[in-house]
Amino acid sequence: MIAPRQVVVGTAGHIDHGKTLLVEALTGTNPDRLKEERERGITIDIGFANLVLEDGTRIGFVDVPGQEHARGGGRDRPRPAGHRGR
Ligand SMILES: Nc1nc2c(ncn2[C@@H]2O[C@H](COP(=O)(O)OP(=O)(O)O)[C@@H](O)[C@H]2O)c(=O)[nH]1
Ligand SMILES: [Mg+2]
């Protein structure tokens with residue numbers, strides 16, 4: 001017997017670009033599980049959801065916060081020397 005394939009998919013991208021909603025649309029699971037995430041409508045911590053395809057392939061989704069959170073968040077975060085952008 002051939003073991004089913006196992007795949008891990010991670011999201012990446014700017015906040016509010018639909019990563020979490022896409023994972024929910026594909027899996028039926030909203031990976032924003034924290035009360036504060038639900039209230040604010042943003043991903044604060046990584047979340048997970050699973051999907052099993054008809055051929056047995058198991059896909060694990062890892063949903064991540066938008067880039068500002070992932071980089072330590074906010075305008076006051078440390079920046080490289082000479083950095084002029086946000
Ligand atoms: N109509 C529409 N709204 C979207 C779409 N993508 C994101 N949004 C809006 O953006 C909000 C945040 O989406 P979310 O999946 O949490 O974005 P994330 O920060 O990338 O995870 C949603 O509540 C929607 O209002 C899209 O493709 N179509
Ligand atoms: Mg999100």
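I'll start with the contacts. Among those in the protein between residues at least 6 apart in sequence, 42% join residues at least 24 apart. This is a predicted model, so please hear everything that follows as computed from that model.

Now the layout. The protein has three helices and three strands. Read from the N terminus on, the order of elements is β-α-α-β-β-α. As for burial, 15% of the 86 residues count as buried.

Next, the strands. How do β2 and β3 run relative to each other, parallel or antiparallel? Strand β2, residues 47-52, and strand β3, residues 58-63, run antiparallel and are joined by six bridges. Two of the pairings are worth pointing at on the screen: N50 stands opposite G60 in β3, and L51 stands opposite I59 in β3. The two strands form a hairpin, with five residues between them. In that turn, G56 has a positive phi of about 95°.

β3 also pairs with β1. Strand β1, residues 6-10, runs parallel to β3, and five bridges join them. On this side, G10 has V62 in β3 as its bridge partner. So β3 has bridges to β2 and to β1. One general remark while we are on strands: in a regular strand the side chains alternate between the two faces of the sheet.

Moving on to a single residue, T29. You will find T29 in the loop between α1, residues 19-27, and α2, residues 35-40. Is T29 buried or exposed? T29 counts as partly exposed, because 16 other C-beta atoms lie within 10 Å, and the partly exposed class sits between 12 or fewer for exposed and 20 or more for buried. If we leave aside neighbours within four places in sequence, T29 is in contact with E24 and A49. T29 can also be placed relative to N50, the β2 residue that stands opposite G60: T29 and N50 are 21 residues apart in sequence, and their C-alpha atoms are 7.8 Å apart in space.

Last, the ligand. Which residues are around ligand 1? They are G13, I15, D16, H17, G18, K19, T20, L21, G41, I42, T43 and G66. By class, the shell around ligand 1 divides into three nonpolar, seven polar and two charged residues. The charged ones are D16 and K19, and the nonpolar ones are I15, L21 and I42. The glycines of the shell, G13, G18, G41 and G66, are counted with the polar group.

That is the end of my part.

Note on methods
Residues are numbered from 1 along each chain as its sequence is written. Chains are lettered from A and ligands numbered from 1 in the order in which they are written. This is a predicted model: local features need pLDDT of at least 70, side-chain atom pairs count only at pLDDT 80 or more; totals for chains, interfaces and linings use all residues. Helices (H or I, at least four residues) and strands (E, at least two) are DSSP runs, numbered from the N terminus. Two residues are in contact if their C-beta atoms, placed from the backbone, lie within 7 Å. Two strands pair if DSSP finds at least two bridges between them. A residue is near a molecule or strand if its C-beta atom, placed from the backbone, lies within 6 Å of it.
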